[in-house]
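Colleague: Got a minute to go through this model with me? I have a handful of quick questions.

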Amino acid sequence: MTDPFSPDVVAQIARHMNDDHSADSLLICRSLGGVPRATAARMVGLDADGIDFAAGLDGVEVPVRVPFAHRLTERSQVRHEVVRMYQEACAALGVPPRPAK
């Protein structure tokens with residue numbers, strides 16, 4: 001099965017996540033990514049099955065893969081899945097999520 005997300009789409013999503021949602025990425029990596037001591041995170045890729053981050057841990061970047069709850073087939077699904085991950089990470093870490101826009 002081919003991946004529904006072109007390199008250009010992945011780059012656009014990564015730029016948005018890294019520019020506007022780096023704190024969200026960090027929470028996702030700390031909780032769902034299994035790197036509770038991460039001090040930074042940036043999105044480096046995604047495909048239909050999950051999202052990839054580079055997380056800062058003890059001065060080194062480590063790869064973190066967080067699978068989606070289900071296989072994604074359309075770009076619009078990415079936002080919903082990342083929001084779900086963020087909310088799940090907040091709940092797991094006891095962090096109040098920011099109000100939805």
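Modeller: Sure, let's take the pocket, the cysteines and a few single residues in turn.

Modeller: One thing up front: this is a predicted model.

Colleague: Okay, pocket to start. What volume does the largest pocket have?

Modeller: The largest pocket comes out at about 580 Å³.

Colleague: And how many residues line the largest pocket, and which lie nearest its centre?

Modeller: The lining has 19 residues, with H16, H21, R79, V83 and R98 nearest the centre.

Colleague: Which helix gives the most to that lining?

Modeller: That's α3, with eight residues. Helices α1 and α3 (75-93) each supply at least two residues of the lining.

Colleague: What's the mix by class in the lining of the largest pocket?

Modeller: Nine residues are nonpolar, four are polar and six are charged.

Colleague: Switching to cysteines. How many disulfides does the structure hold?

Modeller: Zero.

Colleague: Why is there no bond from C29?

Modeller: Because the closest cysteine sulfur to the one in C29 belongs to C90, and it is 13 Å away, too far for a bond. A disulfide here needs the two sulfur atoms within 2.5 Å.

Colleague: And are those two buried or exposed?

Modeller: C29 is buried, with a relative accessible area of 0%. C90 is buried too, at 1%.

Colleague: Let's stay with the helix that has C29. Which residues of α2 are buried?

Modeller: D24, S25, L26, L27, I28 and C29.

Colleague: What do the buried residues of α2 pack against?

Modeller: Two helices, α1 and α3, and the strands β1 (40-47), β2 (50-57) and β3 (60-67).

Colleague: D24 is an aspartate, so that one catches my eye. Where does D24 lie, and what does it touch beyond its sequence neighbours?

Modeller: D24 lies in helix α2, residues 22-31. Leaving aside neighbours within four places in sequence, D24 is in contact with Y86 and R98. That R98 is also one of the residues nearest the centre of the largest pocket.

Colleague: Is D24 buried or exposed?

Modeller: D24 counts as buried, because its relative accessibility is 8% and the cut-off for buried is under 20%.

Colleague: How about S25, what is it in contact with?

Modeller: S25 is found in helix α2 as well. With neighbours up to four places away set aside, its contacts are M17, A41 and F53. S25 counts as buried, at 0% relative accessibility.

Colleague: New topic: N18. Where does N18 lie?

Modeller: In helix α1, which covers residues 7-20. N18 is partly exposed, with a relative accessible area of 27%.

Colleague: Which residues does N18 touch further along the sequence?

Modeller: R42 and M43, not counting residues up to four places away. A polar atom of the N18 side chain lies 2.7 Å from the backbone nitrogen of M43.

Colleague: And how far apart are N18 and A41?

Modeller: They are 23 residues apart in sequence, and 8.4 Å apart in space from C-alpha to C-alpha.

Colleague: Last one, D58. What is its phi near?

Modeller: Phi of D58 is near 55°, a positive value in a residue other than glycine. D58 lies in the loop between β2 and β3.

Colleague: Is D58 buried or exposed?

Modeller: D58 counts as exposed, at 58% relative accessibility.

Methods: Residues numbered from 1 in each chain as written. Predicted model: local features only at pLDDT ≥ 70, side-chain atom pairs only at ≥ 80, totals over all residues. Heavy atoms only, no water. Helix = DSSP H or I, 4+ residues; strand = E, 2+ residues; numbered from the N terminus. Buried < 20%, exposed > 50% of the residue type's maximum accessible area, 1.4 Å probe, protein only. Contact = heavy atoms within 4.5 Å. Polar contact = N/O pair within 3.5 Å; in protein donor to acceptor, adjacent residues only side chain to side chain. 1 Å grid on protein atoms, 1.4 Å probe; cavity = no way out; pocket = protein on both sides within 12 Å on 5 of 7 lines; lining within 4 Å. Points joined across faces, edges and corners; volume = space filled by probe spheres on them. Nonpolar A, V, L, I, M, F, W, Y, C, P; charged D, E, K, R; others polar.
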